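Biologist: Could you walk me through this model and tell me how the labels are earned?

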Amino acid sequence: MTLTLDAPRIVETKPLLEMKGISKAYGRVQALRDVSTIAYPGEVLGIVGESGSGKSTLLRMMNLEELPDQGSYTLDLSDVSGNLFDLDRFARRMLCATRIGIVYQNPHLGLLMKHSSSGNVAERLLIAGERSFAALRQSATEALKASEFPLERLDAPPAELSGGMQQRVQLAKAIALEPALLLLDEPTTGLDVSVQALVLDTLKRLQQERKITMVIVSHDLGVIRTLADRVMVMRNGQVLETGLADQIFQDPQHAYTQQLVNAKL
Ligand SMILES: Nc1ncnc2c1ncn2[C@@H]1O[C@H](COP(=O)(O)OP(=O)(O)O)[C@@H](O)[C@H]1O
Ligand SMILES: [Mg+2]
């Protein structure tokens, strides 16, 4: 009997996100220099680098909040095409409100601190055209539940909640419309270590259940290690190295990455 094995099939997956040649200066500070990156559908891309390396600036561009001096950005979605930086301000806003979710390190950037927690999430649903109060309340509750927010605090404003709970409200708002892309900028930085672990658990579970494409930025290699499938290392506005998480952690190529990984061991 002969056994024939199929030649391994190489499946060409198209990236969901593709950024090419992104540069941005703030006055004399060159925040980003010729940065290119991709994220495949369903994967978690981790971006790591010390403070000031340009991570948040890049993430704000992925959220279409900020425009580069140079470079292009595409998302492989059925209803948009071309360089997203060329869209007008209204189209950029609609796209980021309906298809992209973001969690900031600072909850003040993502939430109305004095509105109720469920109201913060409902606001996102209103953008998508939902008008019935009962439906809004139900969908907001579902998103908060998925983010493991305690439902007895639905009406509490974020200003009265702990840092960990505020991040769960941001997360609920970010996932309420089932975005194609979820962006997380240091989502657990500043939280107590035990709370940090709980929020990371929630993110991991959501990612596994929903297969959302995520880009997570952190200066903390431990956070990146917990979540990322692929890792991009940045320094001084440039990409130093990109690779599968296992490769980056076990066999870092760049001296700076070696330092980062060794410092963490
Ligand atoms: N809105 C801004 N105005 C001026 N400088 C900025 C602004 N945003 C970022 N920068 C500068 O760009 C560089 C990269 O910042 P950032 O993207 O916040 O880095 P990271 O998130 O990696 O700490 C820093 O030198 C920062 O001071
Ligand atoms: Mg930052």
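Modeller: Happily; here are a few labels, each set against its definition. This is a predicted model, where local features need pLDDT of at least 70, side-chain atom pairs count only at pLDDT 80 or more, and totals for chains, interfaces and linings use all residues. Residues are numbered from 1 along each chain as its sequence is written, while chains are lettered from A and ligands numbered from 1 in the order in which they are written.

Biologist: Why is M61 called buried?

Modeller: A residue is buried if 20 or more other C-beta atoms, placed from the backbone, lie within 10 Å of its own, exposed if 12 or fewer, and partly exposed in between. M61 has 22 such atoms within 10 Å, so it is buried. M61 sits in helix α1; helices are DSSP runs of H or I with at least four residues, strands are E runs of at least two, and both are numbered from the N terminus.

Biologist: How do you know that the length of helix α6 agrees with its residue count?

Modeller: The expected span is 1.5 Å times one less than the number of residues. The 13 residues of α6 (residues 163-175) should therefore span 18 Å, and the end C-alpha atoms are 19 Å apart, which agrees.

Biologist: What makes α6 mostly covered?

Modeller: In α6, 11 of its 13 residues are buried, among them M165, V169 and L171.

Biologist: Which elements give two or more residues to the shell around ligand 1?

Modeller: Those are β2 (29-39) and α1 (55-62), with α1 giving the largest share, three residues.
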